[in-house]
Amino acid sequence: MIGKEQIIAFAAEKFTQFGSKRFTMDELAALLGISKKTLYKHFLSKENLVTSCIQYLIDDYNQTLEQLLQDQKDPISSIILMYESAFDRLKYFKPSFIFGLKKYYPASNKVFDDFRDTFVKVRVYNLLEIAKKNGLLLDEVNLDLFCDLYFKRFEEIAFKSNNLFDVHSNKELLNHFIVYSLRGIVKKGYNNLYFK
């Protein structure tokens, strides 16, 4: 019999592909070959399942990041790698998945917002702080302001009206959202593979 973790993994794939509001519990149960009643044995509500899916996606992404950044010594390259990995994942998301959270699933949206805030305010900020201490960034750069301007809610901009992931390559989006912004705050003489 299918377990809770398998349901979450499958539902996460379908919700990101079709949108969590549009993809129904009936469709999910039918595709899994189980009854809707079985779904509700594991999840109190659809929002409970959506929240579990959000947490599953976050945990999977964080695990990928840990492996990706394990041997990375350069804080600027680390930030770019983190976003490159995020862009690789987001290109498979329907915009309605992100926007539907806020509108239909406030508890799920809070989990996503908390992750996004921690990602920027802790992970990215700490790497920028290391870069500044190592003398890689211009002295006058305000890290809080820089994070607010360039790293908060980039996925909402990317998904606005035209899905930029459908129009532009991941490399082009990574350059315009992340690389060019970082290039503008580093000191002369700093370079990495992404800046060439």
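**An all-helix count and one helix pair**

The protein chain comes out with 11 helices and 0 strands, in what is a predicted model. Following the sequence, the pattern simply reads α-α-α-α-α-α-α-α-α-α-α. Taken along the principal axes, the C-alpha atoms fit a box of roughly 60 × 35 × 25 Å. The chain has 196 residues, and 47% of them count as buried. About 10800 Å² is exposed by the protein chain, with carbon and sulfur atoms supplying 53% of that area. As for contacts, take the pairs at least 6 apart in sequence: 71% of these join residues at least 24 apart.

Now for a helix pair. Two packed helices are described by the angle between their axes and the distance between the axes. Helix α5 covers residues 75-90 and helix α11 covers residues 170-183; they pack at an angle of about 150°, and their axes are 10 Å apart. Angles over 145 degrees count as roughly antiparallel, so that is the label for α5 and α11. The crossing of these two helices is right-handed.

On the α5 side, the residues that meet α11 are Ile76, Ile79, Ile80, Tyr83, Glu84, Phe87 and Asp88. Their counterparts in α11 are Asn170, Leu173, Leu174, Phe177, Ile178, Val179 and Leu182. Sorted by class, this contact between α5 and α11 has 11 nonpolar residues, alongside 1 polar and 2 charged ones.

Helix α5 also holds Ser85. The relative accessible area of Ser85 is 9%, and since buried means under 20%, Ser85 goes down as buried. Setting aside residues up to four places away in sequence, Ser85 touches Tyr61, Thr64, Leu65 and Leu68.

A second buried residue sits outside the helices. Gly19 lies in the loop that runs between α1 (4-18) and α2 (25-32). Its relative accessibility is 2%, so Gly19 counts as buried under the 20% cut-off. What does Gly19 contact once neighbours within four places in sequence are left aside? The partners are Lys14, Lys94, Ser96 and Phe97. There is also a C-alpha separation to report for this loop residue: Gly19 and Ile98 are 79 residues apart along the chain, yet their C-alpha atoms are separated by 7.9 Å.

Terms used
Residues numbered from 1 in each chain as written. Predicted model: local features only at pLDDT ≥ 70, side-chain atom pairs only at ≥ 80, totals over all residues. Heavy atoms only, no water. Axes fitted to C-alpha atoms, helices over the stretch in contact; angles between N-to-C directions. Helix = DSSP H or I, 4+ residues; strand = E, 2+ residues; numbered from the N terminus. Parallel < 35°, antiparallel > 145°, perpendicular 65-115°, else oblique. Left-handed = near helix turned anticlockwise from the far one by under 90°. Contact = heavy atoms within 4.5 Å. Nonpolar A, V, L, I, M, F, W, Y, C, P; charged D, E, K, R; others polar. Buried < 20%, exposed > 50% of the residue type's maximum accessible area, 1.4 Å probe, protein only. Areas by Shrake-Rupley, 256 points an atom, 1.4 Å probe, with all protein chains shown as cover.
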